[in-house]
Amino acid sequence: MSNLSSIPFEGTKEQEDELRAAIRELKDTPGALMPVMQKAQDIYGYLPYEVQKIIADDMGIPMEQVYGVATFYAQFNLQPKGKYQVSVCLGTACYVKGSGVIFDKISEKLGIKGGECTNDGKFSLDACRCVGACGMAPIMLVNGEPHGRMTAEEAEKVLDSYN
């Protein structure tokens with residue numbers, strides 16, 4: 001997966017002002033980087049290069065440190081999320097019932113890999129582990145809404161319903 005999005009960054013002045021205010025407030029607190037990055041992700045929805053650069057510059061820390069934290073912790077996203085966030089459970093119960101095939105079919109249909117967003121910003125795709133709905137395996141979620149007992153063909157129909 002590329003760390004550079006094909007979707008151009010479109011942050012607003014208001015978002016930047018909010019981020020810089022949070023950095024000023026937290027900057028001198030020990031361990032401030034994580035809370036600043038969490039706040040930045042809350043503001044922008046993800047942590048593009050431009051946002052990481054603001055964090056590094058305003059906190060006086062190396063860009064490599066910000067990027068290292070962003071790529072180490074699964075809670076941070078370097079890619080934007082789509083209007084429709086598709087997750088396919090790859091936990092054991094779902095996987096043995098074919099969720100890997102479903103994930104691959106969705107990836108092929110959308111033309112993106114896991115963790116990416118379509119160029120139009122409409123769909124993003126992620127794999128997840130056990131959503132606690134093993135009785136509905138295999139399951140996919142669209143913006144948190146479960147779709148159970150999926151097949152690859154049914155998953156395509158669900159995606160088509162969002163067009």
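Start with the largest nonpolar core of this predicted model. Select its 21 residues, and pick out those with the most contacts inside the core: Leu-19, Leu-33, Met-37, Leu-47, Ile-55 and Met-59. Now colour the helices α1 (13-26), α2 (33-44), α3 (49-59) and α4 (63-72), each of which supplies at least two residues of this core. The biggest contribution comes from α2, with 6 residues.

Stay with α2 for a moment. Its 12 residues reach 16 Å from the first C-alpha to the last, close to the 16 Å expected at 1.5 Å a residue. Show the side chains of its buried residues: Leu-33, Val-36, Met-37, Ala-40, Gln-41, Ile-43 and Tyr-44. Look down the helix axis, and you will find these buried residues within an arc of 160°, so they line one face of α2. An α-helix has 3.6 residues a turn, so residues three or four places apart point the same way. To see what covers the buried residues of α2, display its surroundings, which include α1, α3 and α4. Just after the helix, click on Gly-45, which takes a positive phi of about 90°.

Next, select Leu-47. Beyond its neighbours within four places in sequence, Leu-47 touches Met-37, Ala-40, Gln-41, Gln-52, Ala-70, Phe-76, Asn-77 and Leu-78. Apart from the core you have been exploring lies another, of 18 residues, including Leu-90, Phe-103, Ile-106 and Tyr-162.

Move on to α6 (99-110). Its 12 residues should span 16 Å at 1.5 Å a residue, and the end C-alpha atoms are indeed 16 Å apart. Which residues of α6 are buried? Select Ser-99, Gly-100, Ile-102, Phe-103, Ile-106, Ser-107 and Leu-110. They cover an arc of only 160° around the axis, which puts them on the same side of α6. Turn to the face away from that buried side, and you will meet the exposed residues Val-101, Asp-104 and Glu-108. The cover over the buried residues includes β1 (84-89), α5 (92-96), β2, β3 (140-142) and α7 (152-160). Following α6 is Gly-111, with a positive phi near 75°.

Finish at Thr-118, in the loop between α6 and β2 (123-128). Is this residue buried or exposed? Thr-118 is buried, with a relative accessible area of 8%. Show its side chain together with that of Asp-120, and you can trace a polar contact of 2.6 Å between the two. Leaving aside neighbours within four places in sequence, Thr-118 is also in contact with Ile-7, Leu-110, Ile-112 and Phe-123. Leu-110 takes you back to the buried residues of α6.

How values were computed. Residues are numbered from 1 along each chain as its sequence is written. This is a predicted model: local features need pLDDT of at least 70, side-chain atom pairs count only at pLDDT 80 or more; totals for chains, interfaces and linings use all residues. Side-chain values use heavy atoms; hydrogens and water are left out. Helices (H or I, at least four residues) and strands (E, at least two) are DSSP runs, numbered from the N terminus. Buried means under 20% relative accessible area, exposed over 50%, partly exposed in between (1.4 Å probe, protein chains only). A polar contact is a pair of N or O atoms within 3.5 Å; within protein, one must be able to donate a hydrogen and the other to accept it, and residues adjacent in sequence count only if both atoms are side-chain atoms. Contact means heavy atoms within 4.5 Å. The expected span of a helix is 1.5 Å times one less than its number of residues. The arc is that of the directions from the helix axis to the C-beta atoms. A nonpolar core is a set of buried Ala, Val, Leu, Ile, Met, Phe, Trp, Tyr and Cys residues joined through side-chain atoms within 4.5 Å.
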